[in-house]
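Biologist: Before we discuss terms, please show the sequence and the structure. I should then like to ask how each label is justified.

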Amino acid sequence: MNAQQQPGLINTGMVILAAGSSTRFGKIKQLLHFNGKTLLQHAIDEAAAAGITPIVIVTGAHAEEVSMAIKNEHVTIAFNEHWQKGMASGIVAGLKKLIMVDRNIEKVIIAVCDQPFVTSALFTQLYQTQSESTQHIAACVYADTIGTPVLFTKKYFEALLGLTGDEGAKKILKLNPEDVARVDFPQGAVDIDTQKDYEDLIDRQRHVF
């Protein structure tokens, strides 16, 4: 559900990771349709509805197809030429581009495009939770873990830019547990890694209606 446009999240940008090759799935996962739009477009629309700017989309495998499918001229695309090296390279490419686009950026929300239930309200809650706390990270909690979407203040930009290989942002969360504010997001446990995941998602939605 798209929320109405909200006042902007001050000096907060978004990096949406969409560079994967979807080898486990067999199709371009970013472009799977759910509720009338692609998974990637859903993430973009919800970020825009929260008033987040700039929004950076990190592409890699299938970069041309993914880029052409985006229906928002206000996003910035960062092509990650090292996408095969793992998630870290996407975070680095996205954050570098974000800083280049807006040097006043103070916070970044990192999201993936295979969590179909992210909403603008969730992004806003991450921002508000961190802003009202003494912590510099706000992360989502689901299925006995913490993860994306996750907000980092500028305090952690250097650490994010220093990630390598298959290291994701979760490494920073684990190293700094005392600096993490938590936001409950039970539906965050639903992500689309396999064809069965997608079929289960569509089936569940069909029964809702």
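**Cores, sheet and helices**

Modeller: In this predicted model, the largest nonpolar core has 38 residues, and those with the most contacts inside it are M14, I16, L40, I52, I55 and I57. Two or more residues each come from β1, α1, β4 (55–59), β6, α4, β7 and α7 (195–208). The largest share, 6 residues, is given by α1.

Biologist: Which residues does I57 touch, not counting residues up to four places away in sequence?

Modeller: I57 touches I16, A18, L40, I44, I70, V75, T76, I77 and A78 on that count. Contact here requires heavy atoms within 4.5 Å.

Biologist: What makes β5 (76–79) and β9 edge strands?

Modeller: The open sheet has 7 strands in the order β5-β4-β1-β6-β8-β7-β9, and its pairing is mixed. β5 and β9 each have a single partner strand, so one side of each is left without a neighbour in the sheet. On average, neighbouring strands are turned by 25 degrees against each other, direction ignored.

Biologist: How many bridges join β7 to β9?

Modeller: The two strands run parallel and are joined by 5 bridges. Pairing requires at least two bridges, so β7 and β9 count as paired. Within β9, V183 is the bridge partner of C140.

Biologist: How do you know that the span of helix α4 agrees with its number of residues?

Modeller: Helix α4 covers residues 120–131, which is 12 residues, and at 1.5 Å a residue it should span 16 Å. Its end C-alpha atoms are 17 Å apart, which agrees. S120, L122, F123, T124, L126, Y127 and Q130 are buried in this helix. The buried residues of α4 pack against several elements, among them β1 (12–18), α1 (39–49) and β6 (107–112).

Biologist: Where does helix α3 lie, and at what angle to β1 does α3 run?

Modeller: Helix α3 (residues 87–101) lies across β1, β4, β5 and β6, and runs at about 145 degrees to β1. Its 15 residues reach 21 Å from the first C-alpha to the last, close to the 21 Å expected. The buried residues of α3, including A88, I91 and L98, pack against β1, β4, β5, β6 and α5 (157–161).

**Individual residues**

Biologist: Why is N176 called buried?

Modeller: The cut-off for buried is under 20% relative accessible area. N176 has 18% relative accessibility, so N176 counts as buried. Its place is in the loop between α6 (170–175) and β9, and its side chain reaches the backbone oxygen of I172 at 2.9 Å. That distance is within the 3.5 Å limit for a polar contact.

Biologist: What makes N35 exposed, and why does N11 count as partly exposed?

Modeller: Exposed means over 50%, and partly exposed lies between 20% and that value. N35 has a relative accessible area of 52%, so N35 is exposed. N11 has 36% relative accessibility and therefore counts as partly exposed.

Biologist: What is the sign of phi in N11 and in N35?

Modeller: Most residues other than glycine have a negative phi. Phi of N11 is near 50 degrees, a positive value, and phi of N35 is near 55 degrees, also positive. N11 is found in the segment before β1, whereas N35 lies in the loop between β2 (33–34) and β3 (37–38).

Biologist: Which residues does a cis peptide bond join?

Modeller: Most peptide bonds are trans. A cis bond joins T53 and P54, with omega about 0 degrees, and another joins T148 and P149, with omega about -10 degrees. P54 is found in the loop between α1 and β4, while P149 lies in strand β8.

Terms used:
Residues numbered from 1 in each chain as written. Predicted model: local features only at pLDDT ≥ 70, side-chain atom pairs only at ≥ 80, totals over all residues. Heavy atoms only, no water. Helix = DSSP H or I, 4+ residues; strand = E, 2+ residues; numbered from the N terminus. Expected span 1.5 Å × (residues − 1). Buried < 20%, exposed > 50% of the residue type's maximum accessible area, 1.4 Å probe, protein only. Polar contact = N/O pair within 3.5 Å; in protein donor to acceptor, adjacent residues only side chain to side chain. Core = buried A, V, L, I, M, F, W, Y, C linked by side-chain atoms within 4.5 Å. Axes fitted to C-alpha atoms, helices over the stretch in contact; angles between N-to-C directions.
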